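Thank you all for coming; I would like to walk through one model with you this morning, going from its surface to its interior and then to its charged pairs. Please have the sequence and the structure open while I talk.

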Amino acid sequence: MFQVHVRTRINGDDTEFSCEADETLLDALRDRLGLTGAKEGCGTGDCGACSVTLDGRLVCSCLVLGAEAEGRAVTTIEGMADGDKLHPLQKKFLEHAALQCGICTPGFLVAAKALLEQNPDPTETEVRYWLAGNLCRCTGYDKIIRAVLDAAKDMRRAS
């Protein structure tokens, strides 16, 4: 297989990498760029553990080729905090104990952030619908939903 040279913007930084033509964006992020926050849970786009945004659109990075990032903007969980300052969603996940083993947590956080960027005042039903593509094998989903709704409320107050 031949290598593809990719120029992209990841978490706000211009980035270049080379990858195999058939290599997933998930593998390129993890193995070539050291961005290990996105996890491979299933490799088939069913669990959401590898969620990132590509030009603002939520995608499973296990279903996107690394070469498809050419000229596009990728945001991963590593781009969520501002240095040492956690994003409000990250704070609320901690406050609500909305995580256990952590495999699914980055995907839930990226997906929730994408939701709140599109809809800053979602209903519980809308949050549940939006996060339906993310699976957790450890927790119930109630703490996750409450954390997202609480973060949304705080973020609306702050703006």
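**A nonpolar patch, two cores and the salt bridges**

Let me begin at the surface, where Leu 86, Leu 94 and Leu 99 make up a nonpolar patch with about 240 Å² of accessible area together. A patch here is built from residues with over 30% relative accessible area and no salt bridge, with like charges joined within 9 Å and nonpolar side chains (Val, Leu, Ile, Met, Phe, Trp, Tyr) joined within 5 Å. Accessible areas come from the Shrake-Rupley method with a 1.4 Å probe, and for residues only the protein chains shown count as cover.

Before going on, I should say that this is a predicted model, in which local features need pLDDT of at least 70 and side-chain atom pairs count only at pLDDT 80 or more, while totals for chains, interfaces and linings use all residues. Residues are numbered from 1 along each chain as its sequence is written, and side-chain values use heavy atoms, with hydrogens and water left out.

Within the patch, Leu 94 belongs to helix α2, residues 88-95, and Leu 94 is exposed at a relative accessible area of 55%. By exposed I mean over 50% relative accessible area, by buried under 20%, and by partly exposed anything in between, with a 1.4 Å probe and protein chains only.

As for the overall architecture, the chain has five helices and five strands, and from the N terminus on the order of these elements is β-β-α-β-β-β-α-α-α-α. Helices (H or I, at least four residues) and strands (E, at least two) are DSSP runs, numbered from the N terminus. The radius of gyration is 16 Å, which agrees with the value near 15 Å for a compact globule of 159 residues; that radius is taken over C-alpha atoms, and the globule rule is 2.2 Å times the number of residues to the power 0.38. Along its principal axes the C-alpha trace spans about 45 × 35 × 25 Å, and buried residues account for 41% of the 159 residues.

Turning to the interior, which residues have the most contacts inside the largest nonpolar core? They are Leu 89, Phe 93, Phe 108, Leu 131 and Val 148, in a core of 22 residues. Helices α2, α3 (105-118) and α5 (142-158) each supply at least two residues of this core, and α3 gives the most, with seven. A nonpolar core is a set of buried Ala, Val, Leu, Ile, Met, Phe, Trp, Tyr and Cys residues joined through side-chain atoms within 4.5 Å.

If we leave aside neighbours within four places in sequence, Phe 93 is in contact (heavy atoms within 4.5 Å) with residues including Leu 99, Phe 108, Ile 144 and Val 148. Apart from this core lies another one, of 19 residues, among them Phe 17, Ala 28, Cys 60 and Ala 69.

Two buried positions deserve a brief look. Thr 53 sits in strand β3, residues 51-54, and is buried at 8% relative accessible area; its contacts beyond four places in sequence include Ala 73, Val 74, Val 110 and Ala 114. Ala 152, in helix α5, is buried at 2%, and beyond four places in sequence Ala 152 is in contact with Leu 116, Pro 120 and Pro 122.

Finally, the charged pairs: the structure holds 12 salt bridges, each defined as a side-chain nitrogen of Lys or Arg within 4 Å of a carboxyl oxygen of Asp or Glu. In one of them Asp 154 meets Lys 92 at 2.9 Å, N to O, and the pair links distant parts of the chain, with Asp 154 in α5 and Lys 92 in α2, 62 residues apart. Asp 154 is partly exposed at 25% relative accessibility, whereas Lys 92 is buried at 9%.

Lys 113 and Glu 117 form another bridge, their closest N and O atoms being 2.7 Å apart, and both lie in helix α3, four residues or about one turn of the helix apart. Arg 156 and Asp 121 meet at 3.2 Å, N to O; Arg 156 lies in α5 and Asp 121 in the loop between α3 and α4 (124-130), so this pair ties together parts 35 residues apart in sequence. Salt bridges that share partners also join Lys 92, Glu 95, Asp 150, Lys 153, Asp 154 and Arg 157 into one network.
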